[in-house]
Amino acid sequence: MTRVALIFGGVSTEHDISCRSADNVASALGDRCDLVLIGITREGRWLRYSGDPSELTAGWESHDCVPVALVPGAGLVELGEGAPRRLPVDVALPVLHGQGGEDGTVQGALEVAGVPYVGCGVMASAVCMDKDAAHRLAASAGVRSPRCEVLWRGCSDEERAAAARSCGGFPVFVKPARGGSSIGVSRAADEAAYAAALDAAFELDEKVAVEEAIVGVEVGCAIVGDAVRGTWMGEPDEIVVPDDGFFRIHLEKDPGANTELRCPAELSADELARVRDAGTAVYEALGCEGLARVDLFVTPGGEVVFNEVNSMPGLTRYSRFPQMMRVAGHELGDVLMGIVEDRLARA
């Protein structure tokens, strides 16, 4: 049976989301493979967890754990009592979100250690995480991106004001340039809100993206595969804007409280075709492989505008990627095992 190292947790603000994703992935894969659970604590310790997978969302690191490390040329190594022991796995599935996991750092460590892994590689992971770089590459592929200006921590008031002007003035969106989910993202409609939004974003990243606010429907594309062997897509979804005008799926105690998703999206056949084309163009331009979610806007005039890419999309029970696949007739366990098998076929 294929031995899969399911890596979860991590040092980012999305630690809890990753644990929820891993919980759902473990359930979806069931007994299709031999899962080796590798958790990363908020402090960055790597631990092999041998307890009940159903406890991944509640204090897993406090019991049934043995320290592990990635060792160049040796792969995963257990550091328990006695001499270090190699922990053999066939492939790693890093279900990590945000900095220190989805940004190419763990992918690079896996490559140095000689462990094959599923998902986007080092470059694609880093580029997808950086909203400024992703916008530039998407634009080079012919997909319109919002006007975007970059500010660095410590920038002057004049630079802050100029960035908002360059994006067309208020309202603008302010985002940690290398953050995931909606954490640290704010919509600023005036000077006071803009100053507060920048302060909040700079708490999370020294690089901040100020973006033009696009008026339109936000849609998503769940994509699997790569440019060489071909890609395929789940059913695109659509975000129904909540009353406060800001979608934040992971920021509530009740994760579904502030979200409403429509899948399939209520788009015309022409709009849907252009969304699919743009999603695929961005996925391939950024060098994605394995799986990713490409988010786009469709304006009232029917223009498709790029938003961002999640190189490891949320895989929780309420996440968009599994739902888009399910509506298209593909259960998450089948999708993931297909990706794992494809990766092993070219290991």
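Visitor: In what order do the four strands of the open sheet come?
Guide: In this predicted model, the four strands are arranged in the order 8-11-9-10 to make an open sheet, and their pairing is antiparallel.

Visitor: Which are the edge strands?
Guide: Strand 8, covering 148-152, and strand 10, covering 186-188, are the edge strands, each of them pairing on one side only. From one strand to the next, the twist averages 25 degrees.

Visitor: And how many bridges join strand 8 to strand 11?
Guide: Five bridges join these two antiparallel strands, with strand 11 made up of residues 207-212. Within this pair, Leu151 stands opposite Val208 of strand 11.

Visitor: Which strands does helix 4 touch?
Guide: Helix 4, residues 131-140, packs on the sheet and touches strand 8, strand 9 (172-176) and strand 11, its direction making about 45 degrees with that of strand 11. Helix 6, residues 191-202, lies across strand 8, strand 9, strand 10 and strand 11, and runs at about 15 degrees to strand 9.

Visitor: Switching to Ser145, where does it lie?
Guide: Ser145 is found in the loop that sits between helix 4 and strand 8.

Visitor: Is Ser145 buried or exposed?
Guide: Ser145 is counted as buried because its relative accessible area is 14%, and the cut-off for buried is under 20%.

Visitor: What does Ser145 touch, leaving out residues up to four places away in sequence?
Guide: On that basis Ser145 touches His135, Ala138, Ala139, Val305 and Phe306. As for His135, its backbone oxygen lies 3.3 Å from a polar atom of the Ser145 side chain.

Key. Residues numbered from 1 in each chain as written. Predicted model: local features only at pLDDT ≥ 70, side-chain atom pairs only at ≥ 80, totals over all residues. Heavy atoms only, no water. Pairing = 2+ DSSP bridges. Axes fitted to C-alpha atoms, helices over the stretch in contact; angles between N-to-C directions. Contact = heavy atoms within 4.5 Å. Buried < 20%, exposed > 50% of the residue type's maximum accessible area, 1.4 Å probe, protein only. Polar contact = N/O pair within 3.5 Å; in protein donor to acceptor, adjacent residues only side chain to side chain.
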